[in-house]
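Trainee: I am new to this structure and would like to go through it with you. Could we take it one part at a time?

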Amino acid sequence: MTTPAGTSATPTIRTVSVPTADLREALADASPDVDVVLWDFRSPPEGCDPGRLDAAVLPYTGRAHLDGALDAATNLRLVHTQSTGFDGIADLVGPDVAIATASGVHAAATAELAVGLALASLRGIDDAVRQQAEGVWRSERYSGLADRRVLLVGVGGIGEEIRRRLVTFEAEVTRVGSAAREDELGQVHGSDELVRLAPDHDVVIVITPLTDATRGLIGSEVLAALPDGALVVNVARGAVVDTEALTTEVLSGRLKAALDVVDPEPLPEGHPLWSAPGAIITPHVGGNTGAFPPRILALLRKQIALLGKGEKPLNLVRTGSWTG
């Protein structure tokens, strides 16, 4: 799409599109100065020429149906995701279009799934479900989460919510960020330390954003450094973990995996991870709970109110025409 001419430090936002009728109805009174229209990206915006749109809220499903769809929105100043992640969104719009995310909306839900996946694997719940289907009663001792050493890769908002829950379960947590540093909670290790840290940990939980720097971050070298029986939990993006390398380790029986995201997504029919003992796969549902609708509505209502007053929206990951 073309970049609007004459952009300013405080763009005027008067028309915002949302992708569902429910959101349009719920947000109609969010600001007296902002019109909220329906645009589902399968048909033209209702009652509005796309060239008049100033901001667009994207579907929860991310990039589905979006390639080329925003080209007609020539005056666009802001796109808003309903996800925390924003990988690929910059490819859809010009460089002067700001990008805001739903940071915070999915934190609790994603954290509970991360811990839930770890618990399911570490307590053998996946084995019990398979045995139930076969009518088998087999009592075993599993490692559990208490006293396990967890390598938490990602220290943003969701990472912190995961850490808090892990501490409640009496796990020992080592945090890893993009670079080594100290914060109010203590030591954050750099991602360049992963191979050194891996041998001393029983569980790896991945919640770092997908960027050029994190693509394949949990690769063959890190996986090989983990001790036998270690568990890899991924609730970030599939491509942060090397699928081929992880598959090899899981099929060998050396590592276990609990994955809400995979690469490619979904896994192809017949992929060995589907049926591998020691693997749990959920279909990218980390933030998709009953908590999502009211939380995304509250955020979008706040955002539209800010835009109507000429103020900078929250959660900007690319500022576009906004400054400061």
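Mentor: We shall discuss two sheets, a residue in one of them, and a pocket. Please keep in mind that this is a predicted model.

Trainee: Let us begin with the six strands that form an open sheet. In what order do they come?

Mentor: The order is 2-1-3-4-5-14, and the pairing is mixed. At the edges are strand 2 (35-38) and strand 14 (316-318), each of which pairs on one side only. From one strand to the next, the twist averages 25 degrees.

Trainee: In what sense do strand 1 and strand 3 pair?

Mentor: They pair in the parallel sense, over two bridges, strand 3 being residues 55-57. As an example, S17 has A56 in strand 3 as its bridge partner.

Trainee: Which strands does helix 8 touch when it packs on the sheet?

Mentor: Helix 8 touches strand 1, strand 2, strand 3, strand 4 (78-80) and strand 5 (98-100). The direction of helix 8 makes about 165 degrees with that of strand 4.

Trainee: Now for a single residue. Where is V16 placed?

Mentor: V16 is in strand 1, which covers residues 15-18.

Trainee: Is V16 buried or exposed, and why?

Mentor: V16 is buried, because its relative accessible area is 3%, and buried means under 20%.

Trainee: Which residues does V16 touch, leaving out those up to four places away in sequence?

Mentor: V16 touches V34, D35, V36, V37, L53, A55, V57 and L307.

Trainee: And what separation is there between the C-alpha atoms of V16 and A225?

Mentor: Those C-alpha atoms are separated by 49 Å, and the two residues are 209 residues apart along the chain.

Trainee: Let us change topic. How much space lies in the second largest pocket?

Mentor: The second largest pocket holds about 170 Å³ of space. Its lining consists of T20, D22, L23, A26, Q82, F292, P293, I296 and L297.

Trainee: Which elements give two or more residues to that lining?

Mentor: They are helix 1 (21-27) and helix 8 (292-308). Helix 8 gives the most, with four residues. Helix 8 therefore has two roles in our discussion, since it packs on the six-strand sheet and also contributes to the lining of this pocket.

Trainee: How many residues of each class are in the lining of the second largest pocket?

Mentor: There are six nonpolar, two polar and one charged residues in that lining.

Trainee: What about the open sheet of eight strands: what is its order?

Mentor: Its order is 8-9-7-6-10-11-12-13, with mixed pairing. Strand 8 (181-183) and strand 13 (279-281) are the edge strands, and each pairs on one side only. Here the twist averages 20 degrees from one strand to the next.

Trainee: Why is strand 6 described as largely enclosed by the rest of the structure?

Mentor: Strand 6 (residues 149-153) is largely enclosed because four of its five residues are buried.

Trainee: How many bridges pair strand 6 with strand 7?

Mentor: Five bridges pair them, in the parallel sense, and strand 7 is residues 172-177. Within this pairing, L151 stands opposite T174 in strand 7. Strand 7 is also joined to strand 9 (residues 186-190) by three bridges, and those two run parallel. There, R175 has V188 in strand 9 as its bridge partner.

Trainee: Finally, which strands does helix 7 lie across?

Mentor: Helix 7 (residues 243-251) lies across strand 11 (231-234), strand 12 (256-259) and strand 13. Helix 7 runs at about 130 degrees to strand 12.

Definitions and conventions
Residues are numbered from 1 along each chain as its sequence is written. This is a predicted model: local features need pLDDT of at least 70, side-chain atom pairs count only at pLDDT 80 or more; totals for chains, interfaces and linings use all residues. Side-chain values use heavy atoms; hydrogens and water are left out. Buried means under 20% relative accessible area, exposed over 50%, partly exposed in between (1.4 Å probe, protein chains only). Contact means heavy atoms within 4.5 Å. On a 1 Å grid over the protein atoms alone, a cavity is a set of points where a 1.4 Å probe fits but cannot get out, and a pocket is an open set with protein on both sides within 12 Å along at least five of seven lines; lining residues have an atom within 4 Å of a point. Grid points are joined across faces, edges and corners, and a volume is the space filled by probe spheres set on the points. Ala, Val, Leu, Ile, Met, Phe, Trp, Tyr, Cys and Pro count as nonpolar, Asp, Glu, Lys and Arg as charged, and the others, Gly among them, as polar. Two strands pair if DSSP finds at least two bridges between them. Axes are lines fitted to C-alpha atoms, for helices over the stretch in contact, and angles run from 0 to 180 degrees between N-to-C directions.
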